[in-house]
Amino acid sequence: MTNPWRAVCLTLFPDLFPGPLGISVTGAALQKGLWELKTLNFRDFTNDKHRSVDDSPAGGGAGMVMRPDVAARTIDAALDLAPHARPIYMSPRGKPFNQAMAKELSQSQGLILLCGRFEGVDERVIKARRLQEVSIGDFVMTGGEMAAMCLLDAVVRLRSGVVGSAESLQEESFEQGLLEHPHYTRPREFEGQPIPEVLLAGNHEHIRQWRKERAKQITKERRPDLWNIYKKAHAS
Ligand code: SAH
């Protein structure tokens with residue numbers, strides 16, 4: 001049997017994991033052994049009596065920087081646990097994470113996610129261990145743990161067997177380059193708003209067309225950036 005897909009999170013706060021990844025869909029998959037989650041604490045890879053993981057920035061200025069030697073030893077230990085895993089540094093300077101990247105990473109042989117704290121990690125370890133920098137958006141958090149969890153949630157649910165119906169993955173936002181159409185369920189009328197008639201009439205082709213039109217309209221209104229890409233790809 002092949003080894004389960006493994007993620008190793010490098011953190012100063014291993015108690016944060018699995019956190020939200022331990023419940024519902026991702027948690028059930030974890031229990032079933034469809035994927036594995038390990039943590040390594042940078043603190044365990046220090047070699048001074050104060051167990052220091054950070055130091056003041058060269059050149060001065062505010063904050064502290066994570067030491068490259070400690071980070072490198074932690075990454076090397078992670079590579080022992082997951083030899084073919086992709087090493088990633090969660091970082092606001094990174095490539096913006098999106099669904100295409102989630103798909104690509106879901107086909108990797110595992111992930112090593114370095115979760116920064118303070119001002120982040122010494123630049124030299126990024127280079128020395130060829131870390132790919134990935135950002136979850138244009139904002140700054142205090143640490144990379146929640147960023148790693150966001151990334152893992154999006155990646156793990158694309159792995160085979162994790163989400164019940166493969167169909168539900170295909171119709172989602174971004175999948176066709178569009179945001180998803182709106183959803184409705186019972187009751188038939190909610191605070192004066194009925195469910196659109198077409199969804200109740202039972203003509204599957206009409207429903208498909210209606211959903212596609214709504215998806216296009218919503219994308220056009222909310223995300224002109226995505227809409228322009230979609231239009232170009234479908235211009236004939
Ligand atoms: N000084 C850095 C920010 C450090 S924030 C800068 O200006 O770029 C501390 C840590 O939080 C980072 O090392 C990173 O691991 C994590 N982090 C913060 N915001 C993030 C984001 N948008 N995406 C991914 N990781 C983030």
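In the predicted model, the domain assignment divides the protein chain into domain 1, which spans residues 5–156, and domain 2, which spans residues 171–233. The centres of domain 1 and domain 2, taken over C-alpha atoms, are separated by 36 Å.

The ligand is surrounded by 19 residues, and among these Tyr89, Met90, Gly116, Phe139 and Met141 come nearest to the ligand. When the residues of this shell are sorted by character, ten are nonpolar, eight are polar and one is charged.

Polar contacts to the ligand involve both side-chain and backbone atoms of the protein, as the following pairs show. An N or O atom in the side chain of Glu119 lies 3.1 Å from a nitrogen atom of the ligand, while a polar backbone atom of Met141, a residue also listed with those that come nearest to the ligand, is found 3.0 Å from a ligand nitrogen atom. An oxygen atom of the ligand, in turn, is 3.5 Å from a backbone N or O atom of Gly143. On its own, the ligand has 560 Å² of accessible area, and 86% of this area is covered by the protein.

With respect to secondary structure, the elements that give two or more residues to the shell around the ligand are strand S5, formed by residues 86–96, and strand S7, formed by residues 132–135. Strand S5 provides the largest share of the shell, with four residues.

Definitions and conventions:
Residues numbered from 1 in each chain as written. Predicted model: local features only at pLDDT ≥ 70, side-chain atom pairs only at ≥ 80, totals over all residues. Heavy atoms only, no water. Domains from an automatic or database assignment. Near = heavy atom within 4 Å. Polar contact = N/O pair within 3.5 Å; in protein donor to acceptor, adjacent residues only side chain to side chain. Areas by Shrake-Rupley, 256 points an atom, 1.4 Å probe, with all protein chains shown as cover. Nonpolar A, V, L, I, M, F, W, Y, C, P; charged D, E, K, R; others polar.
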